[in-house]
Amino acid sequence: MTLARRIVPRLDTDGSRLVQGVGLQNLRDSGDPAELASRYGAEGADELVLLNLPASPSGRAVFAETVRRVAAQLCIPLTAGGGIGSVEETRALLRAGADKVIVNTAAVREPELITRLSAEFGAEAVVLAIDAKRRDGIWEVIVRGAEAAGENVVSWAQEGCERGAGEILVTSMDREGTREGYDCALSDTVCDAVNVAVMVSGGAGTPDDFLAVFTDGRADAALAASMFHEGTVSIRTLKQYLDSRGVTVRT
Amino acid sequence: MRITLIDYGAGNLPSVERAFQHLGASTERATTPEAITAAQVLVLPAVGHFGALMHALEAQQLAEAIRQSLAGPVPFLGICLGMHALYEGSAESTDRAGFGVFPGRAQPQPQSTHLRHLGWNQVEHIAEGRLLRGISPKAWFYFAHTCAVAAGVAAGPGRVIEMRPSAARTAEPPVGAVAICHYGRPFVAVAERGHWFAVQFHPEKSGEAGMDVLRNFLGALR
């Protein structure tokens, strides 16, 4: 038996509503995340990622309520995050119904955060998200959308795992929003460097992009946002395609 | 019949609670030994570290009440780490014992695999049981754990181990094993023994198949 590759819709929110747009500008309201969650669950999504965008005006209590409403629609895992920087904030999202919590910028600033969260909640509940940009043949860690943190993605991912992150979520900032396909070289490099599950995000546009990131990229899970939200392809059709091409998926 | 969920502070209790409610069961959360003693059905959803779980149950005075309930006829379902609590213990914490209603201990995965078994996998039905009744052998379940009870070795109280070569090669599953999963090595995914039930995966996170498992558990109570 092998683990199925996971198809994971990503829902970006302003705290309570789904938003879409390039970067953090021109975000447009795209609906109720709970309704979309229910639909994706019924269509065969293996997990959902729900994010509170950094520029969002909504407070933590509002997002926790959104997590609660989305979790109530799901009987698949829910991973939530966005600006999480403490044990208390993590606990609030887990109690609201998230199964895993994402840390990103706060962990770069204070790696000890990963250690604390893993000790308190178990590694299975902690996902280290890393935003990556390719430069001079390696990938740099990016925070806050554009700022280089002076770290190499591979060594940061390894440190995160050593500190107890149960999973890595790597996003290519070069591919994000382009629909030109995932950065499979980034995916393959990170998967090779760590011994935990790796989720990959950024660039999904076609079913072949998923095929590539699962084969060449060796990813355990692939995220997509607008490709699913705009109905470019249904999760069901995507899974049937991947299955026909020999990728192990939950059908 | 009310489902009593043992609440020691674990993260996944709300999801399990919601799943049972979705199936029409009435639920309550037990945070005191009295609530556990009064329960008609007990469920222990737990995640994280075995030592931390057993320590929390002792510290909150829940362990003794659980022990007494397990000595009686109250049905009990352990989920994920809650399953390990029903066994003798876990390699994660050698100074804390489990409740021991199933023989065997949870062990870590071999080095050949990812550090954690995280994601959707299928199980192999190896014995007649109630939890998987009517569920396709191709169904997928969501797993998120590091340790598990190995299914490749003979185990069980009172069994005489005869020192013959053939017996040494016998790989009988542990007592109560109803379904096994393979990740690095075979391990127990579902165990049943009388009114004690244990699942390594998260039924509340396993889509329709998981809901069917919980529905079967409710059905077994009648």
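# Briefing: chains A and B

B:Asn216 lies in helix 7 of chain B. The model is a predicted one. B:Asn216 is buried, with a relative accessibility of 19%; the cut-off for burial is under 20%. Chain B has 7 helices and 14 strands, while chain A has 10 helices and 12 strands. No disulfides turn up in a search of the whole structure.

**B:Asn216 and its surroundings**

- Helix 7 of chain B holds B:Asn216, and this helix covers residues 207–221.
- Which residues does B:Asn216 touch, leaving aside those up to four places away in sequence? They are B:Arg130, B:Leu131, B:Leu132, B:Arg133 and B:Ile135.
- B:Tyr183 is 33 residues from B:Asn216 along the chain. The C-alpha atoms of these two residues are separated by 25 Å.

**Helix 1 of chain B**

- Helix 1 of chain B runs over residues 13–22 and is mostly covered. Of its 10 residues, 7 are buried.
- The buried residues are B:Leu13, B:Pro14, B:Ser15, B:Val16, B:Glu17, B:Ala19 and B:Phe20.
- What do the buried residues of helix 1 of chain B pack against? In chain A, the partner is helix 3 (87–96). In chain B, the partners are strand 1 (2–6), strand 2 (26–30), strand 3 (41–46), strand 4 and helix 7 (207–221).
- Helix 7, the element that contains B:Asn216, is thus among the packing partners of helix 1 of chain B.
- B:Gly24 comes just after helix 1 of chain B and has a positive phi of about 90 degrees.

**Positive phi outside glycine**

- Most residues other than glycine have a negative phi. Two exceptions follow, one in each chain.
- A:Arg179 is not a glycine, yet its phi is positive, at about 55 degrees.
- Where does A:Arg179 lie? A:Arg179 is in the loop between strand 10 (167–172) and helix 7 (184–193) of chain A.
- A:Arg179 is partly exposed, at 31% relative accessibility.
- B:Cys80 also has a positive phi, near 55 degrees.
- B:Cys80 sits in strand 4 of chain B, which covers residues 76–80. Strand 4 is one of the elements that the buried residues of helix 1 of chain B pack against.
- Is B:Cys80 buried or exposed? B:Cys80 is buried, with a relative accessible area of 4%.

**Cysteines without disulfides**

- A disulfide is a covalent bond between the sulfur atoms of two cysteines. The search over all chains gives 0 of them.
- A:Cys161 is in no disulfide. The nearest cysteine sulfur belongs to A:Cys191, 11 Å away. The cut-off for a disulfide is within 2.5 Å.
- A:Cys161 is buried, at 13% relative accessible area.
- A:Cys184 is in no disulfide either. Its nearest cysteine sulfur is that of A:Cys191, at 10 Å.
- A:Cys184 counts as buried, with 17% relative accessibility.

**Chain B as a whole**

- Chain B has 222 residues and a radius of gyration of 17 Å. The globule rule gives 17 Å for this length, so chain B is as compact as a globular protein of that length.
- The C-alpha trace of chain B spans about 50 × 35 × 35 Å along its principal axes.
- Buried residues account for 56% of chain B.
- Of the contacts in chain B with a separation of 6 or more, 69% are between residues 24 or more positions apart.
- The accessible surface of chain B is about 8,900 Å². Carbon and sulfur atoms make up 53% of that surface.
- Chain B carries 18 positive and 17 negative side chains. The centres of the two sets lie 4 Å apart.

**Chain A as a whole**

- Chain A has 251 residues and a radius of gyration of 17 Å. That agrees with a compact globule, for which the value would be near 18 Å.
- Along the principal axes, the C-alpha atoms of chain A fill a box of roughly 45 × 40 × 40 Å.
- In chain A, 57% of the residues are buried.
- Among contacts in chain A between residues at least 6 apart in sequence, 66% join residues at least 24 apart.
- Chain A has an accessible surface of about 9,600 Å², with 46% belonging to carbon and sulfur atoms.
- There are 26 positive and 36 negative side chains in chain A. The centres of these sets are 3 Å apart.

Methods:
Residues are numbered from 1 along each chain as its sequence is written. Chains are lettered from A and ligands numbered from 1 in the order in which they are written. This is a predicted model: local features need pLDDT of at least 70, side-chain atom pairs count only at pLDDT 80 or more; totals for chains, interfaces and linings use all residues. Side-chain values use heavy atoms; hydrogens and water are left out. Helices (H or I, at least four residues) and strands (E, at least two) are DSSP runs, numbered from the N terminus. The radius of gyration is taken over C-alpha atoms; the globule rule is 2.2 Å times the number of residues to the power 0.38. Buried means under 20% relative accessible area, exposed over 50%, partly exposed in between (1.4 Å probe, protein chains only). Contact means heavy atoms within 4.5 Å. Accessible areas come from the Shrake-Rupley method with a 1.4 Å probe; for residues, only the protein chains shown count as cover. Lys and Arg count as positive and Asp and Glu as negative; His and the chain ends are not counted. The place of a charge is taken as NZ of Lys, CZ of Arg, CG of Asp or CD of Glu.
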